[in-house]
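Here is a short tour of a small set of features, written to be read with the model open beside you. Take a look at the sequence and the fold, and then we can walk through them together.

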Amino acid sequence: MNKLFVSQINLNALRIFLTVYQHASMTEAAKEYHLTQSGVSQHIHALEECIGKRLFTRFARKIVPTPTDRDL
């Protein structure tokens, strides 16, 4: 695992992550931030890449937080 530095984390991606987590929905987060669902997904993916862990398990139309979420 890469050593994580706070300066490497994009704060917008972190805010979007929190909104996705709270709503359990990328679509709802997209509406709140006036982004596309794809844009939200890209922010989440970038955050996952930054920390080196998966944040959500994705099912058909549902996302479920992984245990990693509790560590953030």
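## Where two helices meet

Let's begin with a helix pair in this predicted model. On the α2 side, M26, T27, A29 and A30 make the contact, and their partners in α3 are Q37, V40, S41 and I44. Sorted by chemistry, the residues of this contact are five nonpolar, three polar and no charged.

How are the two helices set against each other? Helix α2 covers residues 26–33, and it packs against α3 at an angle of about 105°, with the axes 8 Å apart. Because angles of 65 to 115 degrees count as roughly perpendicular, α2 is roughly perpendicular to α3.

## A closer look at α3

Helix α3 runs over residues 37–51, which is 15 residues. At 1.5 Å a residue it should span 21 Å, and its end C-alpha atoms are indeed 21 Å apart, so the two values agree. Just after the helix comes G52, and its phi is positive, near 75°.

Which residues of α3 are buried? They are G39, V40, I44, L47, E48 and I51. V40 and I44 also appear in the contact with α2. An α-helix has 3.6 residues a turn, so residues three or four places apart point the same way.

## I9 and its distance to α3

I9 sits in the segment before α1, the helix of residues 11–23. Its relative accessibility is 18%, and since buried means under 20%, I9 counts as buried. From I9 to E48 is 39 residues along the chain, yet their C-alpha atoms are separated by 10.0 Å. E48 is itself one of the buried residues of α3.

## T66 in its loop

Where is T66? You will find it in the loop between β2 (62–65) and α4 (68–71). With a relative accessible area of 11%, T66 is buried.

Leaving aside residues up to four places away in sequence, T66 touches R54, L55, F56 and T57. With R54 there is a polar detail to look for: a polar atom of the T66 side chain lies 2.9 Å from the backbone oxygen of R54.

## The whole chain

Stepping back, the protein has four helices and two strands. Along the sequence they follow the pattern α-α-α-β-β-α. Of its 72 residues, 31% count as buried. Among contacts between residues at least 6 apart in sequence, 39% join residues at least 24 apart.

How values were computed. Residues are numbered from 1 along each chain as its sequence is written. This is a predicted model: local features need pLDDT of at least 70, side-chain atom pairs count only at pLDDT 80 or more; totals for chains, interfaces and linings use all residues. Side-chain values use heavy atoms; hydrogens and water are left out. The expected span of a helix is 1.5 Å times one less than its number of residues. Buried means under 20% relative accessible area, exposed over 50%, partly exposed in between (1.4 Å probe, protein chains only). Axes are lines fitted to C-alpha atoms, for helices over the stretch in contact, and angles run from 0 to 180 degrees between N-to-C directions. Angles under 35 degrees count as roughly parallel, over 145 as roughly antiparallel, 65 to 115 as roughly perpendicular and the rest as oblique. Contact means heavy atoms within 4.5 Å. Ala, Val, Leu, Ile, Met, Phe, Trp, Tyr, Cys and Pro count as nonpolar, Asp, Glu, Lys and Arg as charged, and the others, Gly among them, as polar. A polar contact is a pair of N or O atoms within 3.5 Å; within protein, one must be able to donate a hydrogen and the other to accept it, and residues adjacent in sequence count only if both atoms are side-chain atoms.
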